[in-house]
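Student: I am new to this structure and would like a close look at a single part of it, namely chain A and the way it meets its neighbours. Could you take me through that part slowly, in one connected answer?

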Protein chains: 4
Amino acid sequence: MLRITIWNEYRHEKIHPDVQAVYPDGIHAVIAEALCKDESLSVRVATLDEPEHGLTDEVLEQTDVLMWWGHMAHDEVQDAVVNRVHQRVLGGMGLVVLHSGHFSKVFKKLMGTSCDLHWREAGELERIWTVNPAHPIAQGLPPFFEIPEVEMYGEYFDVPEPDSLVFISWFEGGEVFRSGLCYHRGQGKIFYFRPGHETYPIYYHAHVQHVLRNAVHWCAPTSNPALHFGHVPQFTHQKGDA
Amino acid sequence: MLRITIWNEYRHEKIHPDVQAVYPDGIHAVIAEALCKDESLSVRVATLDEPEHGLTDEVLEQTDVLMWWGHMAHDEVQDAVVNRVHQRVLGGMGLVVLHSGHFSKVFKKLMGTSCDLHWREAGELERIWTVNPAHPIAQGLPPFFEIPEVEMYGEYFDVPEPDSLVFISWFEGGEVFRSGLCYHRGQGKIFYFRPGHETYPIYYHAHVQHVLRNAVHWCAPTSNPALHFGHVPQFTHQKGDA
Amino acid sequence: MLRITIWNEYRHEKIHPDVQAVYPDGIHAVIAEALCKDESLSVRVATLDEPEHGLTDEVLEQTDVLMWWGHMAHDEVQDAVVNRVHQRVLGGMGLVVLHSGHFSKVFKKLMGTSCDLHWREAGELERIWTVNPAHPIAQGLPPFFEIPEVEMYGEYFDVPEPDSLVFISWFEGGEVFRSGLCYHRGQGKIFYFRPGHETYPIYYHAHVQHVLRNAVHWCAPTSNPALHFGHVPQFTHQKGDA
Amino acid sequence: MLRITIWNEYRHEKIHPDVQAVYPDGIHAVIAEALCKDESLSVRVATLDEPEHGLTDEVLEQTDVLMWWGHMAHDEVQDAVVNRVHQRVLGGMGLVVLHSGHFSKVFKKLMGTSCDLHWREAGELERIWTVNPAHPIAQGLPPFFEIPEVEMYGEYFDVPEPDSLVFISWFEGGEVFRSGLCYHRGQGKIFYFRPGHETYPIYYHAHVQHVLRNAVHWCAPTSNPALHFGHVPQFTHQKGDA
């Protein structure tokens with residue numbers, strides 16, 4: 001079983017009736033349901049307003065892949081928790097960052113850039129094209145799929161060039177966006193996935209759910225022991241040593 | 001002076017009146033004029049119907065960067081010339097491949113893939129977005145520029161993931177395309193640039209011309225001697241040797 | 001079950017007694033035994049001197065990942081079979097290329113470069129370092145492992161910069177080599193792995209065998225249908241279409 | 001003229017007689033002399049103990065490429081200055097990070113990883129191999145060059161996979177290291193170069209100096225205006241607009 005923790009800021013859903021209408025039990029509940037369709041996944045959730053944002057050392061140690069959704073309260077995430085998640089990713093925990101999570105503290109810390117972009121809320125059509133059909137995250141997807149109404153995210157997206165670029169989005173209004181980005185960092189793997197929103201019902205979309213399931217599998221940690229660094233003694237190699 | 005050779009198939013222009021109307025002296029003539037605006041470039045041209053397609057050993061030895069446009073007669077390019085160009089690229093000569101040159105023998109040989117794509121001739125608007133603003137080929141360009149009427153090229157574009165992705169195109173009709181692709185191969189550098197057509201007047205476009213000038217500079221060869229390969233003798237390192 | 005075909009030139013073993021001493025049933029037999037330790041793999045073999053080199057359409061259609069070892073008879077591999085394998089890789093079949101397979105026709109065709117390198121047979125110590133510990137091919141390996149006596153392969157190795165670089169080798173005699181290289185090409189994945197030789201007993205090495213098992217899993221194809229290319233009709237997007 | 005600022009911590013040289021013996025006027029003085037051999041470079045220096053570490057807004061605005069050497073006092077660099085440099089790099093200023101600068105605050109902030117590694121001070125031989133001979137930073141270098149006595153840096157080096165890997169080091173004691181790493185971040189370019197030390201006279205080495213000159217040219221900023229992000233209005237494309 002791959003152990004997934006879905007982290008949701010979970011504020012919009014409590015405050016805004018129009019968000020509540022789409023996600024009455026929170027965005028995390030819908031994502032959890034999507035992941036649970038895959039029986040090899042064990043899913044739990046955590047939210048901002050829990051103690052330590054629900055991301056204690058214990059929870060993180062029992063998490064293989066963390067999924068992150070945040071939007072209006074990035075600044076309220078405590079630096080201690082951000083640092084803990086950052087360390088765990090470098091130590092091997094997978095991280096799937098969703099939509100407005102591009103501006104989360106932990107994603108910016110891992111990327112080292114501003115992670116800024118262009119945006120517009122105009123209910124535009126998005127077409128998501130696969131540009132790396134050999135990649136496991138593209139498994140089971142058509143050449144492109146559509147989401148009828150979305151918030152647009154446009155380039156330039158200020159992130160490092162990814163290790164693999166899997167998806168590019170086309171938007172009705174004239175923009176493009178690198179929408180599926182794979183990174184290796186330390187022992188960990190990171191996938192950024194653009195689709196998502198608090199009022200458009202993006203996470204009910206069958207292909208979006210499919211990508212989320214593929215993504216957590218790609219992000220699965222290796223079982224290697226922790227890396228060591230620092231001073232190493234003189235090595236004297238002699239035939240027969242090895 | 002950087003020595004550029006512009007290679008043009010130069011067939012459409014002789015046969016089709018509508019192409020002749022746009023490029024009366026051939027596509028190469030317009031590109032040559034564009035490059036000559038940069039006084040650090042020395043420009044010559046070569047075409048398919050010349051002996052050895054104008055790409056003799058002597059010409060290639062005097063070429064720092066070769067620019068390639070072909071479309072209707074890829075198969076008529078002799079394999080001996082293809083191999084000669086291929087060798088020269090691995091030996092350091094830069095190569096800029098334009099538009100329908102994606103299906104040229106030499107580009108396919110260098111990429112190792114089918115180089116296939118989707119296309120449609122419908123006079124659509126194209127917006128070309130810079131996604132690597134630190135790259136020298138993006139120098140002097142706005143965040144995006146438009147070409148009002150183009151032939152569409154759409155993903156999936158079957159080429160290796162580039163070493164740097166500089167441009168992504170958006171098309172009115174719903175497609176995206178990785179339009180500016182950088183590759184290192186052996187001692188040589190290759191840039192694929194999508195815009196171009198035989199009847200749309202793409203190579204008169206100021207920003208397109210600007211990219212072509214940037215591209216040949218990026219593709220400029222290093223002046224290193226030829227690489228050697230094969231057997232190497234036993235090395236005995238001793239303090240004081242180096 | 002992931003279906004693996006191990007292709008071996010199988011000539012050295014028949015001709016040279018010193019090779020026979022190490023690999024009495026052929027290199028493929030030892031590799032097959034190594035892969036069969038993983039019960040999720042179904043393994044068959046094919047060799048040069050079989051009709052169509054054992055790589056008929058039928059065999060390739062039933063192969064998820066092809067492993068390739070060749071050395072002294074690269075030129076005897078028929079171009080028709082090379083093209084067939086090339087097409088299958090672009091269509092999704094994984095390919096693991098071993099050691100002297102760097103000079104096989106199919107690897108050169110896929111890479112587009114000379115695939116040349118430096119070499120020396122002097123029974124040197126090799127240390128293989130993991131430089132991408134998040135990569136699944138590094139799963140279960142220590143920070144480095146050693147092979148006590150090897151043929152050296154040294155840089156510059158004339159291949160495209162890989163999509164992921166997993167291993168770098170250190171050699172006693174002063175050279176380094178990029179030893180574990182991942183490529184995506186079309187729908188297929190390719191892994192080049194340096195270790196191997198016909199008289200040094202490399203494929204009996206526990207860590208080498210471990211890498212081979214990891215590699216075929218990483219190369220596993222997606223189950224997507226074949227890609228289509230070419231002309232696409234005008235798309236008219238309308239709200240409510242998707 | 002490309003405007004270079006060499007930043008040196010400049011502490012070892014004031015405190016340790018053995019460092020003073022090698023670099024009586026500071027490491028920066030020797031690097032400055034090396035860069036000044038290239039008449040297209042305009043060079044200034046800045047050090048930790050100056051006000052604002054010599055890196056005021058004014059200095060940075062007049063700097064095209066910043067070179068960074070630090071070792072024993074990384075923590076004394078004020079966060080305000082780190083943030084200022086970080087912003088300038090994303091805004092286009094080139095950054096060349098040298099040797100122990102891998103642990104500088106600004107490099108760690110840009111990489112997003114621990115930037116940790118293995119090390120040993122044993123006066124070992126280092127051989128630096130070019131693995132991307134097409135890259136401008138490899139211009140004018142032999143296939144490898146040697147430094148007779150160095151501090152070893154060994155893998156795993158915890159940094160993101162580079163956009164281009166130019167050099168790999170071999171060390172007498174059995175380690176390898178990715179020694180020349182290129183990154184694009186925002187509008188800026190970063191080059192990490194391993195060689196260097198406070199008591200071994202690395203920066204007097206002709207090939208090392210040659211790399212430093214190549215590196216600042218590769219890091220030269222584009223002259224594009226600052227990037228803008230955020231909300232963009234609805235775009236209505238019409239034929240004839242562009």
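**Chain A and its two contact surfaces**

Tutor: Of the 242 residues in chain A, 56% are buried, and it should be said at once that this is a predicted model. The secondary structure of chain A comprises seven helices and 10 strands. Its radius of gyration is 19 Å, close to the 18 Å that the globule rule gives for 242 residues, so chain A is as compact as a globular protein of that length. Measured out along the principal axes, a phrase used here for a computed extent, the C-alpha trace of chain A spans about 70 × 40 × 35 Å. If we take the contacts in chain A between residues at least 6 apart in sequence, 72% of them join residues at least 24 apart.

With the chain itself in view, we can turn to its meeting with chain D. Here 32 residues of chain A are in contact with 32 residues of chain D. The elements of chain A that each supply at least two residues to this side are helix 6 (105-111), strand 5 (118-130), strand 8 (176-185) and strand 10 (230-231), and strand 5 of chain A gives the most, with four residues. Sorted by class, the side of chain A that touches chain D holds 12 nonpolar, 13 polar and seven charged residues.

Strand 5 of chain A deserves a longer look, since the two chains also pair there: strand 5 of chain A and strand 10 (residues 230-231) of chain D run in the parallel sense over two bridges. Within this pairing, A:Trp119 has D:His231, in strand 10 of chain D, as its bridge partner.

How, then, are chains A and D placed with respect to each other? A turn of 180° with a shift of 0.0 Å along the axis lays chain A on chain D with an RMSD of 0.0 Å. In chain A, the C-alpha nearest that axis belongs to A:Gly112, which lies 2.5 Å from it. The copies meet through the same surface, because 100% of the interface residues of chain A are also interface residues in chain D.

The other meeting to consider is the one with chain C, where 28 residues of chain C are in contact with 28 residues of chain A. Seen from chain C, the elements that give two or more residues to the side touching chain A are strand 6 (144-154) and strand 9 (188-193) of chain C, and strand 6 of chain C gives the most, with three residues. That side of chain C has nine nonpolar, 14 polar and five charged residues.

The placement of this pair can be described in a similar way. Chain C is superposed on chain A, with an RMSD of 0.0 Å, by a rotation of 180° with 0.0 Å of shift along its axis, and the two copies are thus related as by a two-fold rotation axis. Of the residues of chain C, C:Asp163 comes closest to the rotation axis, its C-alpha lying at 3.4 Å. Here too the same surface serves both copies, as 100% of the contact residues of chain C recur in chain A.

Conventions
Residues are numbered from 1 along each chain as its sequence is written. Chains are lettered from A and ligands numbered from 1 in the order in which they are written. This is a predicted model: local features need pLDDT of at least 70, side-chain atom pairs count only at pLDDT 80 or more; totals for chains, interfaces and linings use all residues. Copies are superposed by least squares on the C-alpha atoms of residues with pLDDT of at least 70 in both. Two residues are in contact if their C-beta atoms, placed from the backbone, lie within 7 Å. Ala, Val, Leu, Ile, Met, Phe, Trp, Tyr, Cys and Pro count as nonpolar, Asp, Glu, Lys and Arg as charged, and the others, Gly among them, as polar. Two strands pair if DSSP finds at least two bridges between them. The radius of gyration is taken over C-alpha atoms; the globule rule is 2.2 Å times the number of residues to the power 0.38. A residue is buried if 20 or more other C-beta atoms lie within 10 Å of its own, exposed if 12 or fewer, and partly exposed in between; C-beta atoms are placed from the backbone.
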